Amino acid sequence: MFLTNCNGRIEKLPKGREISVQTAPGGLSKAFVWLPELGGLGATVSQPYQVWLQKGERQKVLIFEADKTDGVRIAWKSPRELEICYGQAQITHFVNFFVVAE
């Protein structure tokens, strides 16, 4: 897995809460599942689940977002391979790589 931010900006987490975090083998990166706030939409909208990758304190990128699902789980298979598990879902965002330049 490679981490990149080609446009030079740091992505910002929306308001919400972290429900799961996994540090990559070797400790250089982490991935976490984020539940964004619905902003009062509640019963009219399915709860989205987001998966973010982070290297250091500043570099974060949204790599996966889905709704209409019962949840999302993550697990590192190697320092460069992150597994994202979900049941039936509507995937609204997916990036399969992230390159970091120091």
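Colleague: How many bridges pair strand 2 and strand 3, and in which sense do they pair?

Modeller: Strand 2 and strand 3 are joined by 6 bridges, and the pairing is antiparallel. Keep in mind that this is a predicted model. For one example of that pairing, look at Lys-30, whose bridge partner in strand 3 is Gln-54.

Colleague: Okay, let's zoom out. How many helices and strands are in the protein chain?

Modeller: The protein chain has 0 helices and 7 strands. Read along the sequence, the pattern is β-β-β-β-β-β-β.

Colleague: And in what order do the strands form the open sheet?

Modeller: The open sheet has 5 strands in the order 1-2-3-4-7, with antiparallel pairing.

Colleague: Which strands stand at the edges of it?

Modeller: Strand 1, residues 16–23, and strand 7, residues 90–94, are the edge strands. Each has a single partner strand, so one side of each is left without a neighbour in the sheet. From one strand to the next, the twist averages 20 degrees.

Colleague: Let's walk across the sheet, then. How many bridges are there between strand 1 and strand 2?

Modeller: Strand 1 pairs with strand 2, residues 29–36, over 7 bridges in the antiparallel sense. Two pairs to look for are Gly-16 with Pro-36 and Val-21 with Phe-32.

Colleague: What about the hairpin of strand 1 and strand 2, how many residues lie between the strands?

Modeller: There are 5 residues between them, and in that hairpin Gly-26 takes a positive phi near 95 degrees.

Colleague: Which residue has a positive phi in the hairpin of strand 3 and strand 4?

Modeller: That one is Gly-56, with a positive phi near 70 degrees, in a hairpin that has 3 residues between the strands. Strand 3 and strand 4 themselves pair over 7 bridges, again antiparallel. If you want a spot to click on, Leu-53 stands opposite Val-61 in strand 4.

Colleague: How many bridges join strand 4 to strand 7?

Modeller: 4 bridges join strand 4 to strand 7, and the two run antiparallel. Asp-67 has Gln-90 in strand 7 as its bridge partner.

Colleague: Switching topic: is strand 2 mostly covered or uncovered?

Modeller: Strand 2 is mostly covered, with 7 of its 8 residues buried.

Colleague: Why is strand 4 described as largely enclosed by the rest of the structure?

Modeller: In strand 4, 7 of the 9 residues are buried, so the strand is largely enclosed by the rest of the structure. For the protein chain with its 102 residues, the buried share is 31%.

Colleague: Which residues have the most contacts inside the largest nonpolar core?

Modeller: Those are Val-51, Ile-63, Leu-82 and Ile-84, in a core of 16 residues. At least two core residues come from each of strand 2, strand 3 (49–55), strand 4 (59–67), strand 5 (72–78) and strand 6 (81–86). The largest share comes from strand 4, which supplies 4 residues. As general background, nonpolar side chains in soluble globular proteins tend to be buried together.

Colleague: Now charges. How many salt bridges does a search of the whole structure find?

Modeller: The search finds 1 salt bridge. The side chains of Lys-77 and Glu-83 meet there, at 3.5 Å from N to O.

Colleague: And what are the relative accessible areas of Lys-77 and Glu-83?

Modeller: Lys-77 has a relative accessible area of 47%, which makes it partly exposed. Glu-83 is partly exposed too, at 32%. In general, side chains of opposite charge can pair when their charged atoms come close.

Colleague: I've also got my eye on Lys-15. Is it buried or exposed?

Modeller: Lys-15 is exposed, with a relative accessible area of 65%. You'll find Lys-15 in the segment before strand 1.

Colleague: Which residues does Lys-15 touch, leaving out those up to four places away in sequence?

Modeller: Lys-15 touches Trp-34, Leu-35, Pro-36 and Glu-37. Lys-15 and Gly-39 are 9.0 Å apart in space, C-alpha to C-alpha, with their positions 24 residues apart in sequence.

Colleague: Last one: what is the accessible surface of the protein chain?

Modeller: The accessible surface is about 6,500 Å², and 50% of that belongs to carbon and sulfur atoms. As for contacts with a separation of 6 or more, 41% of them in the protein chain are between residues 24 or more positions apart.

Note on methods. Residues numbered from 1 in each chain as written. Predicted model: local features only at pLDDT ≥ 70, side-chain atom pairs only at ≥ 80, totals over all residues. Heavy atoms only, no water. Pairing = 2+ DSSP bridges. Axes fitted to C-alpha atoms, helices over the stretch in contact; angles between N-to-C directions. Core = buried A, V, L, I, M, F, W, Y, C linked by side-chain atoms within 4.5 Å. Buried < 20%, exposed > 50% of the residue type's maximum accessible area, 1.4 Å probe, protein only. Contact = heavy atoms within 4.5 Å. Areas by Shrake-Rupley, 256 points an atom, 1.4 Å probe, with all protein chains shown as cover. Salt bridge = Lys/Arg side-chain N within 4 Å of Asp/Glu carboxyl O.
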